[in-house]
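Visitor: I am new to reading protein models, and I would like to go through this one with you step by step. Could we look at it together?

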Amino acid sequence: MRTWIRLMVLALLPLNYLSANDTIYKSNEEKSKEQAIAYAKHGQTSSRYLAYRDIPFFITKYVKGNKTLDYGSGAGFSTRFLCDLNMEAEGVDISEEMLAQASMIYPEIPFYFMQNGNIPVLDQNYDLVFSSYVLFELGSEQEVLNYLGEAKRVMKEDGVLIAVTGSQDMYSRDWYIFNTDYPENKNLESGDLARIYLREAEIEFTDFYWTEADYRLFFKKAGFDLLEVHYPLGKEDEGYAWKDEVACSPFVVFVAKKQ
Ligand SMILES: C[S@@+](CC[C@H](N)C(=O)[O-])C[C@H]1O[C@@H](n2cnc3c(N)ncnc32)[C@H](O)[C@@H]1O
């Protein structure tokens with residue numbers, strides 16, 4: 001297409017369309033600076049509200065101390081969430097661009113770069129390892145097992161892992177939070193790449209779809225016992241116009257301990 005025609009077409013597109021496609025966040029690729037900046041704007045949304053609403057309850061119920069790792073801390077929002085719960089939290093991530101955003105936005109929190117799959121701390125260090133929106137970025141069983149294995153290594157013997165990820169309903173329902181109506185989401189099989197649009201933040205993501213049965217298997221193989229498998233449901237009086245969120249959940253929260 002000639003340049004001037006392309007420019008005219010771009011000028012006519014709605015802003016949402018442009019921002020969504022320019023900043024598409026791909027789970028299976030190294031994050032660019034633009035993606036990290038776009039992600040960093042994705043702070044307190046209805047998605048976070050629902051995904052995190054019940055986490056304080058599980059921390060109070062199962063976690064014995066304060067020392068906490070936010071494993072896959074991204075732009076630091078999840079780490080700040082833990083600090084606000086009076087946890088002594090630090091973050092670790094494989095993406096330098098995400099860590100740069102996190103350190104700039106939350107200079108008071110320590111963030112560490114993770115190379116070759118190794119968290120740069122000694123064994124049995126943390127009372128809580130928190131994993132927020134990371135498991136669905138992992139595209140093979142081996143990647144999930146490596147990730148969980150490293151979490152297990154750095155947890156104290158009586159430590160707890162809390163992982164929030166997409167449920168197996170995430171890409172097939174009519175949500176208030178997300179639009180999931182994409183051709184590639186039809187007939188998904190566990191391990192397939194799926195597409196999702198976060199309405200409030202105007203970001204499109206590609207993530208990996210895993211069934212609950214597969215997640216359960218991964219935890220078992222990595223040496224964890226599950227304490228809870230929780231689906232946070234939207235409630236009437238929360239100020240959000242929930243749709244399918246009241247009947248099933250786009251998220252699943254796994255609470256696990258070492259076997
Ligand atoms: C969707 S972001 C979530 C960030 C943050 N936890 C939050 O809730 O906003 C996923 C993050 O996980 C990181 N990540 C992906 N694979 C990882 C791995 N194997 N180990 C550690 N971090 C990983 C990515 O670099 C990215 O920053």
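Guide: Let us begin with helix α6, keeping in mind that this is a predicted model. The buried residues of α6 pack against the helices α4 (46-52) and α5 (55-62), and also against the strands β2 (67-71), β3, β4 and β5.

Visitor: How many of the eight residues of helix α6 are buried?

Guide: A residue counts as buried when its relative accessible area is under 20%. In α6, which covers residues 77-84, this holds for Phe-77, Ser-78, Thr-79, Phe-81, Leu-82 and Cys-83, and Cys-83 has a value of 18%. The helix is therefore largely enclosed by the rest of the structure, and the number of buried residues among the eight is six.

Visitor: Which residue with a positive phi follows α6?

Guide: Most residues other than glycine have a negative phi, so a positive value is worth noting when one reads along the chain. After α6 there is such a case, with phi near 65°, and the residue is Asn-86.

Visitor: In what order do the seven strands of the open sheet lie?

Guide: Strands of a sheet pair through backbone hydrogen bonds, either parallel or antiparallel. In this sheet the pairing is mixed: β5 (residues 126-132) and β6 run parallel, joined by six bridges, whereas β6 and β11 pair in the antiparallel sense over seven bridges, and β10 and β11 are antiparallel over six bridges. Read across the sheet, the order is β4-β3-β2-β5-β6-β11-β10.

Visitor: Which strands stand at the edges of that sheet?

Guide: A strand at an edge has a single partner strand, so one side of it is left without a neighbour in the sheet. The strands in this position are β4 (111-113) and β10 (224-230).

Visitor: What angle does the direction of helix α7 make with that of β4?

Guide: Helix α7 (residues 96-105) packs on the sheet, where it touches both β3 (88-93) and β4. Taking the direction of the helix against that of β4, the angle is about 165°.

Visitor: Which residue of β11 is the bridge partner of Ile-162?

Guide: Strand β11 is largely enclosed by the rest of the structure, because seven of its eight residues are buried. Two of its bridges can be named here: His-230 is partnered by Val-253, while the partner of Ile-162 is Val-255.

Visitor: Is Met-155 buried or exposed?

Guide: Met-155 has its place in strand β6 (residues 155-166). Leaving aside neighbours within four places in sequence, Met-155 is in contact with several residues, including Tyr-126, Val-129, Phe-224 and Ala-256. Its relative accessibility is 0%, and because the cut-off is 20%, Met-155 counts as buried.

Visitor: Why is the pair of Phe-178 and Phe-251 called edge-to-face?

Guide: A pair of aromatic rings is described by the distance of the centres and the angle of the planes. The ring centres of Phe-178 and Phe-251 are 6.0 Å apart, and this pair links distant parts of the chain, with Phe-178 in strand β7 (residues 178-179) and Phe-251 in strand β11 (residues 251-258), 73 residues apart. Both rings belong to buried residues, at 5% for Phe-178 and 1% for Phe-251. Since planes over 60 degrees apart count as edge-to-face, the name follows from the angle of this pair, which is 65°.

Visitor: Which residues form one aromatic cluster with Phe-178 and Phe-251?

Guide: The structure holds 21 aromatic pairs, and the cluster brings together seven residues that include these two phenylalanines. Besides Phe-178 and Phe-251, its members are Tyr-52, Phe-81, Phe-130, Tyr-133 and Phe-136.

Visitor: Asn-116 and Tyr-133 both have a positive phi; which of them counts as exposed?

Guide: Asn-116, with a phi of about 50°, lies in the loop between β4 and β5, and Tyr-133, with a phi near 60°, lies in the loop between β5 and α8 (141-154). Tyr-133 is buried, since its relative accessible area is 8%. The other residue has 73% relative accessibility and therefore counts as exposed: it is Asn-116.

Visitor: How many disulfides does a search of the whole structure find?

Guide: Cysteines are present, and both Cys-83, at 18%, and Cys-248, at 10%, are buried. A disulfide needs two cysteine sulfur atoms within 2.5 Å, and the number found in the whole structure is zero.

Notes: Residues are numbered from 1 along each chain as its sequence is written. This is a predicted model: local features need pLDDT of at least 70, side-chain atom pairs count only at pLDDT 80 or more; totals for chains, interfaces and linings use all residues. Side-chain values use heavy atoms; hydrogens and water are left out. Rings of Phe, Tyr and Trp (its six-membered ring) pair if their centres lie within 6.5 Å; planes under 30 degrees apart count as stacked, over 60 as edge-to-face and the rest as tilted. Helices (H or I, at least four residues) and strands (E, at least two) are DSSP runs, numbered from the N terminus. Buried means under 20% relative accessible area, exposed over 50%, partly exposed in between (1.4 Å probe, protein chains only). Contact means heavy atoms within 4.5 Å. Two strands pair if DSSP finds at least two bridges between them. Axes are lines fitted to C-alpha atoms, for helices over the stretch in contact, and angles run from 0 to 180 degrees between N-to-C directions.
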